[in-house]
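Reader: Please show me the structure first, and then explain the terms you rely on as we go.

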Amino acid sequence: AKERTLSIIKPDATRRNLTGKINAVFEDAGLSIVAQKRMQLTPAQAGAFYAVHKERPFYNDLVSFMISGPVVVQVLEGENAVAKNRDVMGATDPKKAEAHTIRAQFAESIEANSVHGSDSAENAANEISFFFAETEILP
Ligand code: CMP
């Protein structure tokens, strides 16, 4: 079924001018970018977005990294968009990601791993509404 998922192009990737190359991977995979904005996250926004990881040892570093430069937040739409995006991103740890994936090609480390994508349809709905009003999403 047609789905939407939230994607974030992370600061390691915007810093290296990789937004277009990453967007080309999404579009070549049949995902449409139906909303997109470049923004500087505040500590409060980054902390709230990743609240599910609050007890993890990497939480503080993750929040610092996510505010270290601009991100591009986007809504991707297409058939099975959540799973398809996870396929094209590859494993969280780029050392474990398959060669054709975004993280294998571009990620610097398990933290600076170039992209975030929602891990379920339910989380996608919550993450999309965290950043976008419905009127900003234009299929
Ligand atoms: P993301 O898919 O955005 O979800 C949580 C993020 O935490 C993850 O990508 C990485 O950027 C970061 N992270 C840092 N260390 C770890 C780790 N050991 N395990 C999982 N995620 C990590």
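Author: A pocket is an open set of points on a 1 Å grid over the protein atoms alone, where a 1.4 Å probe fits, with protein on both sides within 12 Å along at least five of seven lines; its lining residues have an atom within 4 Å of a point. The model is predicted, so local features need pLDDT of at least 70 and side-chain atom pairs pLDDT 80 or more, while totals for chains, interfaces and linings use all residues. Residues are numbered from 1 along each chain as its sequence is written, and side-chain values use heavy atoms, without hydrogens and water.

Reader: Which space does the ligand take?

Author: About 710 Å³, the space filled by probe spheres set on the grid points, lies in the largest pocket. Its lining comprises 27 residues, with Tyr-50, His-53, Phe-58, Thr-92 and His-116 nearest the centre. The ligand, with more than half of its atoms within 2 Å of the grid points, takes the space of the largest pocket.

Reader: Which residue has a backbone N or O atom 2.9 Å from an oxygen atom of the ligand?

Author: Polar contacts here are pairs of N or O atoms within 3.5 Å. Side-chain atoms of Arg-103 and of Asn-113 each lie 3.3 Å from a ligand oxygen atom. The backbone atom at 2.9 Å belongs to Glu-111.

Reader: How much of the ligand's exposed area does the protein bury?

Author: Accessible area comes from the Shrake-Rupley method with a 1.4 Å probe. Taken alone, the ligand exposes 450 Å², and the share of this that the protein buries is 79%.

Methods
A polar contact is a pair of N or O atoms within 3.5 Å; within protein, one must be able to donate a hydrogen and the other to accept it, and residues adjacent in sequence count only if both atoms are side-chain atoms.
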